[in-house]
Amino acid sequence: MVCLICGKSGTKTIHLVEECMYRTGFSYDYSECEHCASLSRTTDDIDENELYPSQYYSLTSDPLATFSSPIAKFVAQLLACSAFSHFGVILKAAHAFAPRRDIRTLSSILRSVRASEIRGSDIRILDVGSGSGLVPFVLSLAGNNFSMGIDPFAPNTIKKKSFALERTELSDVSGTFDLIMFHHSLEHTANPNQLLKTAKGLLGPDGRMIIRVPTVSSDAWSNFRTYWYQLDAPRHRSIPSRSGLEQLFASIGLRIETKYDDSTTTQFWLSENVKSGLSLMDPASNFSTFRGSHKNFLHKALDAKKARKLNANLAGDQCCYILSA
Ligand SMILES: [Zn+2]
């Protein structure tokens, strides 16, 4: 098996991982690379169209409907403007105190845009694997950019002055972009190396790339093993290690400007739900309801503290890289 991340062949172990979002009853083999420890799915005879049903969580939220009320739109606009500003207090507060998990996730994404330090006007942004296009829509509200989302499974096509959503692959995109983003999408793809090469070719002068992915170089993988919810078999074709990712970036000529972890308490309580046999789509697991865990206040605070400590030590279950060409 050739590692999808570092490109070398050699398997240390095969892990059998059960599908846990819908509990289809199927399990899939993943090869652990003997060089970089990344996981690559070995099962190949899967119809990818069956993996993303129309109720798949990132395809269901219509951005125009979600932000149709003036208050929701105003808050989203405020958050979007913060992503291009020197003052990160609003995003930090939204990330810490927002009552819904999807708003906290959105804040995390916007914090990575802020970390890319793309500023100014007429910015062109491409979000690869954008689902229904919620993130590029919110970014476009800042008024200083054109943001386009692409996804082969996008529910529809939208063309506006500052926002577009297309049902397409990266290889069919033309033009140049100041910022190209992969928010938990690279791990879904069959050839991350080719994809990043293509993205590099679309990057304008002084452009930046954002890669946010789950990583096996984490406490969550060490502790929960195949119950770790971010394995998301079989949708995740690969789950990279940090060293594998960094080899991949170097081989393509992408330089790391910044890296940090933005893992959350989900690494604990959603993995515990998987371990207890719940389907992630079961409302009782609170994955699809965007609520937090069922734990009491004290346990939630302890989990949050643990996640912050893991992030500080680059041992969280998801990481963010800001890259330049
Ligand atoms: Zn490898």
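Helix α3 (residues 70-82) supplies the largest share of a nonpolar surface patch, namely four residues. The patch covers about 480 Å². The model is predicted. Its other topic here is a zinc site, where the ion has four cysteine donors: Cys3, Cys6, Cys33 and Cys36.

**Nonpolar patch**

- The residues that make the patch are Ile71, Phe74, Val75, Leu78 and Ile90.
- Ile90 is located in helix α4 (residues 89-97).
- The relative accessible area of Ile90 is 39%, and a residue counts as partly exposed between 20% and 50%, so Ile90 falls in the partly exposed class.
- Patch membership requires over 30% relative accessible area, a cut-off that Ile90 passes with its 39%.

**Zinc coordination**

- The zinc ion is bound through the SG atoms of Cys3, Cys6, Cys33 and Cys36, at 2.3 to 2.4 Å.
- The angles among the four donor atoms run from 105 to 115°, and the site is tetrahedral.
- For comparison, the ideal angle for four tetrahedral donors is 109.5 degrees.

**Donors along the chain**

- In sequence, the donors of the zinc ion are spaced as C-x2-C-x26-C-x2-C.
- Cys3 and Cys33 are 30 residues apart, and this pair links distant parts of the chain.
- Cys3 sits in the segment before β1 (11-18), whereas Cys33 belongs to strand β2 (residues 27-33).

**Burial of two donors**

- Cys3 has a relative accessible area of 5% and is therefore buried, the limit being under 20%.
- Cys33 is also buried, because its relative accessible area is 3%.

Terms used
Residues are numbered from 1 along each chain as its sequence is written. This is a predicted model: local features need pLDDT of at least 70, side-chain atom pairs count only at pLDDT 80 or more; totals for chains, interfaces and linings use all residues. Side-chain values use heavy atoms; hydrogens and water are left out. Patches are made of residues with over 30% relative accessible area and no salt bridge: like charges are joined within 9 Å, nonpolar side chains (Val, Leu, Ile, Met, Phe, Trp, Tyr) within 5 Å. Accessible areas come from the Shrake-Rupley method with a 1.4 Å probe; for residues, only the protein chains shown count as cover. A salt bridge is a side-chain nitrogen of Lys or Arg within 4 Å of a carboxyl oxygen of Asp or Glu. Helices (H or I, at least four residues) and strands (E, at least two) are DSSP runs, numbered from the N terminus. Buried means under 20% relative accessible area, exposed over 50%, partly exposed in between (1.4 Å probe, protein chains only). Donors are N, O and S atoms within 2.8 Å of the metal (3.2 Å for Na, K and Ca); water is not among the atoms, so sites may look incomplete. Four donors count as tetrahedral if all angles lie between 85 and 135 degrees; four count as square planar and six as octahedral if opposite donors are over 155 degrees apart and all others between 65 and 115; anything else is irregular.
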